[in-house]
Amino acid sequence: MDLRSYFSNIRPIMHTRHDNDLGTVLSIATRQVISAPQTMRIIGAIETLTEWGVRRLPIVDPGTHRLKGILTARDVVDFLGGGEKFNLINIKHDGNFLAAINESVSKIMKPDVRTLPPHANLSEAIQIILQDRIGGIPIVDEEGVLTGIVTERDVLKLLCRAYSTLKVSDVMTSSLLVQEPDCPLSMVTKVMTSHQFRRLPIVKNDVVFGIITATDIVRYIGSGKVFESLVTGHVAEVMAKPVRDLVNGNLYTIEPDQTITEAARRMLEKGVGALPVIENSRLAGLVTEFDLVRALSTEQQSG
């Protein structure tokens with residue numbers, strides 16, 4: 001499928017930063033936002049997420065650019081077998097994956113989106129990220145027109161400019177759900193959706209094989225790799241893939257006694273949302289962007 005055929009419907013929104021943006025959420029937000037119309041097919045939306053390397057795609061009215069919803073990588077995981085959106089494949093199309101991905105993206109997007117106005121301050125953005133546990137917030141003007149998006153990563157870039165003495169071991173999650181490399185994708189998507197995880201460590205014999213993320217799963221579909229060995233077009237065939245085939249080969253780690261500032265800077269440098277914490281060659285925990293935003297913002301507010 002030629003992604004370029006969709007570009008006439010995709011409306012990049014470009015704005016120039018003004019001095020009066022300083023101190024507002026717009027001062028750190030992404031202003032060149034890739035969006036898509038509600039009529040775009042699901043496969044087109046997934047290809048767009050992959051092509052642009054983003055984890056969320058605002059859905060807008062193509063004429064007015066008013067925000068109508070959002071599609072995230074986790075929605076795609078839900079659609080593929082994890083949650084209620086799987087009914088579109090399993091019930092409406094009786095398991096026919098190829099028919100389901102040609103439905104419009106409006107069938108699996110979230111219509112109710114948490115937003116911020118352009119004049120909102122950074123504290124409001126951090127509060128929503130921490131309370132709602134969401135990784136990105138669209139910014140809309142008084143008419144509902146999309147003007148930007150602020151993400152966990154944007155906030156983390158700002159917060160990690162100050163040095164923290166907190167250790168990774170102070171904020172990491174040490175009680176982890178893990179899967180083995182031969183686990184089928186169907187099982188992984190169910191676990192990720194039921195626990196609202198964006199990623200899962202893949203471990204065998206106490207050795208970390210890698211991290212499977214919602215973005216890896218989106219890339220499997222959006223890159224066209226899923227179609228290379230597809231014979232029947234049934235979703236069971238798609239989801240039987242062992243997760244080892246989807247895991248990114250680059251594994252970046254951190255040690256528990258390193259500071260959270262070092263962890264944040266390593267995540268930003270490598271463009272990842274989490275780091276396995278390794279102690280004595282074994283997995284001791286996982287630290288995520290969310291963990292660091294929560295710890296750094298709490299520390300800076302109290303300090």
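Lys-68 sits in strand β3; strands here are DSSP E runs of at least two residues, helices are H or I runs of at least four, and both are numbered from the N terminus. This is a predicted model, so local features need pLDDT of at least 70 and side-chain atom pairs count only at pLDDT 80 or more, while totals for chains, interfaces and linings use all residues. Residues are numbered from 1 along each chain as its sequence is written, and side-chain values use heavy atoms, with hydrogens and water left out.

**Around Lys-68**

Is Lys-68 buried or exposed? Neither quite: Lys-68 counts as partly exposed because its relative accessibility is 36%. The scale calls a residue buried under 20% relative accessible area, exposed over 50%, and partly exposed in between, using a 1.4 Å probe and protein chains only. Setting aside neighbours within four places in sequence, Lys-68 is in contact with Gln-38, Ile-59, Val-60, Asp-61, Met-109, Lys-110 and Pro-111, where contact means heavy atoms within 4.5 Å. Asp-206 is another matter: its C-alpha atom is 45 Å from that of Lys-68, with the two positions 138 residues apart along the chain.

Strand β3 belongs to an open sheet of 3 strands, ordered β1-β2-β3, with mixed pairing. Its edges are β1 (36-37) and β3 (67-72), each of which pairs on one side only. Two strands count as paired if DSSP finds at least two bridges between them. β1 runs parallel to β2 (residues 56-60), with 2 bridges, and Ala-36 has Ile-59 of β2 as its bridge partner. Helix α1 lies across β2 and β3, at about 130° to β2; axes are lines fitted to C-alpha atoms, for helices over the stretch in contact, and angles run from 0 to 180 degrees between N-to-C directions.

**The hairpins**

Now for the antiparallel pairs, side by side.

| Strand pair | Bridges | One opposing pair | Residues between strands | Positive phi in hairpin |
|---|---|---|---|---|
| β4 (136-140) and β5 (146-151) | 5 bridges | Val-140 and Leu-146 | 5 residues | Gly-144, near 80° |
| β6 (199-204) and β7 | 6 bridges | Val-203 and Val-208 | 2 residues | Asn-205, about 55° |
| β8 (274-279) and β9 (282-288) | 6 bridges | Ile-278 and Leu-283 | 2 residues | Asn-280, near 55° |

How many residues of β5 are buried? The count is 6 of the 6, so β5 is largely enclosed by the rest of the structure. β7 is mostly covered, with 5 of its 7 residues buried. β8 is mostly covered too, at 5 of 6.

**Helices and cores**

Helix α9 (residues 214-222) is mostly covered, with 7 of its 9 residues buried. Those residues are Ala-214, Asp-216, Ile-217, Val-218, Tyr-220, Ile-221 and Gly-222. They pack against a mixed set of elements: α1 (42-52), α2 (73-82), α4 (97-100), α8 (185-194), β7 (207-213) and α10 (235-239). After α9 comes Gly-224, with a positive phi near 90°.

One of those partners, α2, is also mostly covered, with 8 of its 10 residues buried. The buried set in α2 is Ala-73, Asp-75, Val-76, Val-77, Asp-78, Phe-79, Leu-80 and Gly-81.

Which residues touch the most other members of the largest nonpolar core? In that core of 46 residues, they are Phe-79, Phe-97, Ile-212, Ile-217 and Ile-221. A nonpolar core here is a set of buried Ala, Val, Leu, Ile, Met, Phe, Trp, Tyr and Cys residues joined through side-chain atoms within 4.5 Å. Beyond its neighbours within four places in sequence, Ile-212 is in contact with Val-188, Met-192, Arg-198, Arg-199, Leu-200, Ile-202, Ile-217, Val-243, Leu-246 and Val-247. A second, separate core has 33 residues, among them Ile-254, Met-267, Val-277 and Ala-284.

**Rings**

How many aromatic pairs does the structure hold? The tally is 0. There is a charge over a ring, though: Arg-133 lies over the face of Phe-290, at 4.1 Å from the ring centre. For that label, NZ of Lys or CZ of Arg must be within 6 Å of the ring centre and within 35 degrees of the ring normal. For an aromatic pair, the ring centres of Phe, Tyr or Trp (its six-membered ring) must lie within 6.5 Å; planes under 30 degrees apart count as stacked, over 60 as edge-to-face and the rest as tilted.
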